[in-house]
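Thank you all for coming this morning. I would like to take you through one protein model, slowly, beginning with a detail in a loop and then working outwards to the chain as a whole.

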Amino acid sequence: MKPIARLSPTLLALAALLCGHSVAADKKPLQVFILAGQSNMQGHAKISTFEHIGMDPATKPMLAEMLGADEKPKVCERVWISSVGCAETEQTGKLTAGFGATTEKIGPEFTFGLTMQKFTDGPILLIKTSWGGKSLNTDFRPPSAGPYVFNEAQLASFQKQGKDVAAMKADKEKATGVYYRMMVEHVKRVLGDIQRVVPDYDAAQGYELAGFAWFQGWNDMVDSGTYPNRDKPGGYEAYSVALAHFIRDVRRDLNAPQLPFVIGVLGVGGPTADYGPGEQRYKATHQNFRDAMAAPALLPEFQGNVATVLAEKYWDRELTAAKAKENDLKQRAKKRAKEDNLSPAEERAALEKSLAEGLTERERMVLEKGISNFEFHYLGSAKILGGVGKGLAEALAELKQLKRPN
């Protein structure tokens, strides 16, 4: 019998090493996307509103992508997430529903990940940094924007109220940029130890910082102190300037000078052109702010690497109309109850009758299944926020010139 050739321990180790390098070479670089913003990036759409997505033929295909074979929210096998701001501690794991403002909610991250995985067959990591009630003018203020400066009207108001102006300035300085720094620090922490979030990550495969999605704005839009002329053209110019600095600083601080960047332009209420009589009083303000959010993408330096997604495109007018009709019926019932001096029990019965007779079956269904929060949180609608997440991913894919695999 011919003797079996045996490799020396050194050759065995070398073979194993070469094999390992071959496997690592076959692995595609991890695609890393950063999602940042305030409460609507957190996401207040309850999972219970998923059913409403399927009630519209136009969005029913999106629901099919969000659910697994068991009709439960899909778990993405090659998309991981690290999220801070939605809970007291960092949340990590494979992407699924429940990474919203609470574990029973979603934000744009769910459909963002589901959509982005269509454009690559490699692994994906989402780093989500979102804190509710935060502004760009103060909380997320980037270093290059310089210090926040109170305008003359604000200073006069402080003095009139008897406030300590020096203390107000000190407090503002202390608060400025805190969440910008927290965002950058968390991204660097995750990238410094990716395997902590993505267990089977191999450093040999490497990663690419592939895109940034910004979805914020409400707190700046309603800040009449910082933006005293917000109902006039150019009233939010300071927001545009700060956001341009934000893009530059993020790229500098993360050492990614051409990082693709997408701005999710505030769209609560839908297109302002469709605003009804009750919404006309703030139509100009809303549109001015949206224009200011989108303005940085028009700068020459950002051509081809910064894009906008109009969240208004994903607003559901059917929900708005049904909610408005329900509110009108409630107000009428309350007025009649007061005129007729009804008892609380009689008032409740009258209201139930008014709603039963005044709303169609379809309207009752969409109200019950489609809304889980306030209007400024996009009605807590998974249909709306799902559309936003999908739109953000598609915009980044277009910037990167990615194509869906066949």
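Please find Tyr378, which sits in the loop between helix α14 and helix α15, the latter covering residues 382-399. Before I say anything further, keep in mind that what you have in front of you is a predicted model, and that every value I mention is computed from it.

What is the phi angle of Tyr378? In this model it is near 55 degrees, which is a positive value in a residue other than glycine. Is Tyr378 buried or exposed? Its relative accessible area is 0%, and because buried means under 20%, Tyr378 counts as buried.

If you now look at Leu379, you will find that this residue, too, is placed in the loop between α14 and α15. Leu379 has a positive phi of about 60 degrees, although it is not a glycine, and with a relative accessible area of 6% it is buried.

Let us step back from the loop to α14 itself, which runs over residues 361-370, and to α12, which runs over residues 317-339. When two helices pack, they are described by the angle between their axes and by the distance between those axes. For α12 and α14, the axes come within 9 Å and cross at roughly 105 degrees. Why do we call this pair roughly perpendicular? Angles from 65 to 115 degrees are given that name, and α12 and α14 are therefore roughly perpendicular to each other.

Which residues make this meeting of helices? On the α12 side you can pick out Glu318, Leu319, Ala322, Lys323, Lys325 and Glu326, and on the α14 side they meet Arg362, Glu363, Val366, Leu367 and Gly370.

While we are still in α14, please look at Arg364, which is found in that helix and is partly exposed, with a relative accessible area of 31%. If we leave aside the neighbours within four places in sequence, Arg364 is in contact with Leu355, Ala356 and Leu359. Arg364 and Ala170, by contrast, are 194 residues apart in sequence, and their C-alpha atoms are 51 Å apart in space.

Let me move on to helix α13, residues 344-358, where you will find Pro344. At 56% relative accessibility, Pro344 counts as exposed. Measuring in the model from C-alpha to C-alpha would be a good exercise for you here: Pro344 and Gly267 are 38 Å apart in space and 77 residues apart in sequence.

Two residues from earlier in the chain are also worth a look. Tyr179 belongs to helix α8, which covers residues 178-192, and, not counting neighbours within four places in sequence, it is in contact with Trp131, Lys134, Asp139 and Phe140. The C-alpha atom of Tyr179 is separated by 32 Å from that of Gly370, which is 191 residues away along the chain.

The other residue is Leu155, in helix α6, residues 152-160, and at 22% relative accessibility it counts as partly exposed. Once residues up to four places away in sequence are set aside, Leu155 touches Phe150, Val165 and Lys169. Leu155 and Arg141 are 14 residues apart in sequence, with 20 Å between their C-alpha atoms.

Finally, let us consider the whole chain. How many helices and strands does it have? There are 15 helices and 9 strands, and the C-alpha trace spans about 110 × 55 × 35 Å along its principal axes. Of the 406 residues, 49% are buried, while the chain exposes about 20200 Å², with carbon and sulfur atoms supplying 54% of that area.

Among contacts with a separation of 6 or more, 75% are between residues 24 or more positions apart. As for charge, there are 52 positive and 49 negative charges, and their mean positions are 2 Å apart.

That is where I will stop, and I am glad to go back to any of these residues on the screen.

Notes:
Residues are numbered from 1 along each chain as its sequence is written. This is a predicted model: local features need pLDDT of at least 70, side-chain atom pairs count only at pLDDT 80 or more; totals for chains, interfaces and linings use all residues. Side-chain values use heavy atoms; hydrogens and water are left out. Helices (H or I, at least four residues) and strands (E, at least two) are DSSP runs, numbered from the N terminus. Buried means under 20% relative accessible area, exposed over 50%, partly exposed in between (1.4 Å probe, protein chains only). Contact means heavy atoms within 4.5 Å. Accessible areas come from the Shrake-Rupley method with a 1.4 Å probe; for residues, only the protein chains shown count as cover. Lys and Arg count as positive and Asp and Glu as negative; His and the chain ends are not counted. The place of a charge is taken as NZ of Lys, CZ of Arg, CG of Asp or CD of Glu. Axes are lines fitted to C-alpha atoms, for helices over the stretch in contact, and angles run from 0 to 180 degrees between N-to-C directions. Angles under 35 degrees count as roughly parallel, over 145 as roughly antiparallel, 65 to 115 as roughly perpendicular and the rest as oblique.
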